[in-house]
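User: I'm new to this one, and I'd like a walk through it. Could you take me from the overall layout down to the details?
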Amino acid sequence: MLAMRIVDVQNQIDHELITHDEIVKKIEEVAAQASEDYKNTVPLVICVLKGAANTMTCFAQAMSINVELDYMSLSSYGAGTSSSGTITVRQDLSCDVRGRDVLIVEDIIDSGRTLRWLVDELNKRGAKSVEIFALLEKPARRVVDVDVKYKGFEIPDEFVVGFGLDYDEKYRNLDSIAVLKPQVYEGAEQ
Ligand code: 5GP
Ligand code: MG
Ligand code: MG
């Protein structure tokens, strides 16, 4: 049963994969662990826009320690549903990461290229430590090796939307994670 707060106007959602309550519960568990791990520092929590915005808000609110938040917009996709491998910075951080304990919040790790690039970049900029929280992970699609310390859910190799994740900028406001009907993006990719 599809539990959506928005109407699937174009009838493009196939099925719900992870409910809102399951997502929030998982994020709260990760936040509790991260709060313990970072209790002796003030971590700089970096949200990879736009997809991780929902996760970031939920995660930061569930943390029980002081954190600083910053945002970065990266693009790894062309028009379709697979990573192009070329990372573009659309909007950079507003703060210096030098000497900081950085925790990246990302919506999904697919090929791993985006996070590999970002971890390397933050290390180059002099971060003291860099760890990752990825809400979703598609293990079958991994091309590049990246160490994800905080993991949400492993999902099958299907294109998902909701809770921040988009297709063609839509469905970010869906409050759960859902699988789009393949016919929606088939043909748009090639
Ligand atoms: P990677 O560089 O790991 O291949 O791709 C990571 C980025 O691709 C994610 O941050 C996300 O923006 C996008 N992405 C990967 N898989 C999906 C998916 O199933 N649905 C959506 N909406 N975006 C995805
Ligand atoms: Mg992302
Ligand atoms: Mg996207």
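Analyst: A word on terms before the layout: helices, written α, are DSSP runs of H or I with at least four residues, and strands, written β, are runs of E with at least two, both numbered from the N terminus. Please also keep in mind that this is a predicted model.

User: OK, so in what order do the elements of the protein run from the N terminus on?
Analyst: Starting at the N terminus, the order is β-α-β-α-β-β-β-α-β-β-β-β-α, and the secondary structure amounts to four helices and nine strands.

User: And what pLDDT does the protein average?
Analyst: The average pLDDT is 90, and 88% of the residues score at least 70. For the complex, the predictor reports an ipTM of 0.95 together with a pTM of 0.91.

User: How much of the protein counts as buried?
Analyst: Of its 190 residues, 32% count as buried. As for contacts, among those with a separation of 6 or more, 68% are made by residues 24 or more positions apart.

User: Let's zoom in on α2. Which residues are buried there?
Analyst: In α2, which spans 53–62, the buried residues are N54, T55, M56, C58 and F59.

User: What covers them?
Analyst: The cover over the buried residues of α2 includes the helix α1 (20–37) and the strands β2, β5 (101–109) and β6 (129–137).

User: Changing topic to the backbone: which residues does a cis peptide bond join?
Analyst: A cis peptide bond links L49 to K50, with omega at about -5°. K50 belongs to the loop between β2 (44–49) and α2, and β2 is also among the elements that cover the buried residues of α2.

User: What about phi of D168, is it positive or negative?
Analyst: Phi of D168 is positive, near 55°, in a residue other than glycine. D168 sits in the loop between β8 (160–161) and β9 (177–180).

User: And what is phi of E169?
Analyst: Phi of E169 is near 70°, again a positive value in a residue that is not glycine, and E169 likewise lies in the loop between β8 and β9.

User: Why does D168 count as exposed?
Analyst: D168 is exposed because 12 other C-beta atoms lie within 10 Å, and the cut-off for exposed is 12 or fewer.

User: Then why does E169 count as exposed?
Analyst: The reasoning runs along the cut-off of 12 or fewer: E169 counts as exposed because it has 7 C-beta neighbours inside 10 Å.

Note on methods:
Residues are numbered from 1 along each chain as its sequence is written. Chains are lettered from A and ligands numbered from 1 in the order in which they are written. This is a predicted model: local features need pLDDT of at least 70, side-chain atom pairs count only at pLDDT 80 or more; totals for chains, interfaces and linings use all residues. A residue is buried if 20 or more other C-beta atoms lie within 10 Å of its own, exposed if 12 or fewer, and partly exposed in between; C-beta atoms are placed from the backbone. Two residues are in contact if their C-beta atoms, placed from the backbone, lie within 7 Å. pLDDT is the predictor's confidence in each residue, from 0 to 100.
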